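Dear colleague,

I am handing over the structure below, and after it I set out what was found. Please read the notes with the model open beside you.

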Amino acid sequence: MRLFVAVDLPATVKDELDHAVDDVRPSLAEARWVPRDNLHLTVSFLGEVGDERVEGIVAAMQEALTATAPFVARLAGSGAFPSARRARVLWAGLEAAEDRLASVANACIRALEPLGFPAESRPWTAHVTVARLREPGEVSRALPLTLEPVAFPIEAVTLFRSRLGRPAPRYEAIAAVPFGA
């Protein structure tokens with residue numbers, strides 16, 4: 001199975017992101033837009049994983065998030081990776097009190113390392129990918145996205161399975177791990 005850990009976003013946030021990208025879609029015809037239902041905040045990409053490892057992954061996440069309390073985040077800002085001049089990814093940002101999102105991500109990443117899932121070499125950044133470009137391109141004409149600062153609770157992370165397909169992958173929730181469990 002191809003797995004990743006993410007924060008699943010509520011419908012109100014997905015609706016706002018979908019509305020925001022509607023305004024810029026025509027200016028980036030070369031972009032592959034993430035379908036509304038696939039919008040999420042990736043915590044850690046695990047890659048191909050055998051079924052027998054899922055229980056251990058979920059247990060590690062539960063242990064890592066035992067002391068974590070739910071908190072509120074909100075949509076805030078947008079940008080491109082690695083830059084607006086040579087973008088591969090267009091993203092929407094999130095803000096959370098006291099960098100709580102980064103703390104959750106780092107706790108999960110540290111808990112998964114002993115299971116053989118290495119941490120990324122790049123620092124973790126809270127973002128929701130809204131589009132990808134096959135070739136690096138200029139996206140300044142699409143930025144900033146016009147986002148309402150929708151606030152929403154973050155109470156869990158979810159282990160997802162990604163099934164590759166066309167026109168886009170399908171994501172299936174395998175296990176939600178609530179904070180403080």
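Asp 15, Arg 36 and Asp 37 are linked in a network of salt bridges, a salt bridge being a side-chain nitrogen of Lys or Arg within 4 Å of a carboxyl oxygen of Asp or Glu. Within this network, the side chains of Arg 36 and Asp 15 meet at 2.8 Å, N to O. That pair links distant parts of the chain, 21 residues apart, with Arg 36 in the loop between strand S2 (31-33) and strand S3 (40-48) and Asp 15 in helix H1 (residues 11-22); helices (H or I, at least four residues) and strands (E, at least two) are DSSP runs, numbered from the N terminus. Arg 36 is partly exposed at 25% relative accessibility, and Asp 15 is likewise partly exposed at 41%, where buried means under 20% relative accessible area, exposed over 50%, and partly exposed in between (1.4 Å probe, protein chains only).

Before going further, please note that this is a predicted model, in which local features need pLDDT of at least 70 and side-chain atom pairs count only at pLDDT 80 or more, while totals for chains, interfaces and linings use all residues. Residues are numbered from 1 along each chain as its sequence is written, and side-chain values use heavy atoms, with hydrogens and water left out.

A search of the whole structure finds nine salt bridges. Among them is the pair of Arg 25 and Asp 18, at 3.2 Å, N to O; Arg 25 is partly exposed, with a relative accessible area of 26%, and Asp 18 is also partly exposed, at 22%. Another joins the side chains of Glu 120 and Arg 122 at 2.9 Å, N to O, and both of these residues are exposed.

As for the fold, the protein chain has three helices and nine strands, which follow the pattern β-α-β-β-α-β-β-α-β-β-β-β along the sequence. Its C-alpha trace spans about 45 × 35 × 30 Å along the principal axes. Buried residues make up 45% of the 181 residues. Of the contacts with a separation of 6 or more, 77% come from residues 24 or more positions apart, contact meaning heavy atoms within 4.5 Å.

Finally, Glu 55 lies in helix H2 (residues 54-64) and is exposed, with a relative accessible area of 69%. The C-alpha atoms of Glu 55 and Arg 36 are separated by 29 Å, although the two residues are 19 residues apart along the chain.

With best regards
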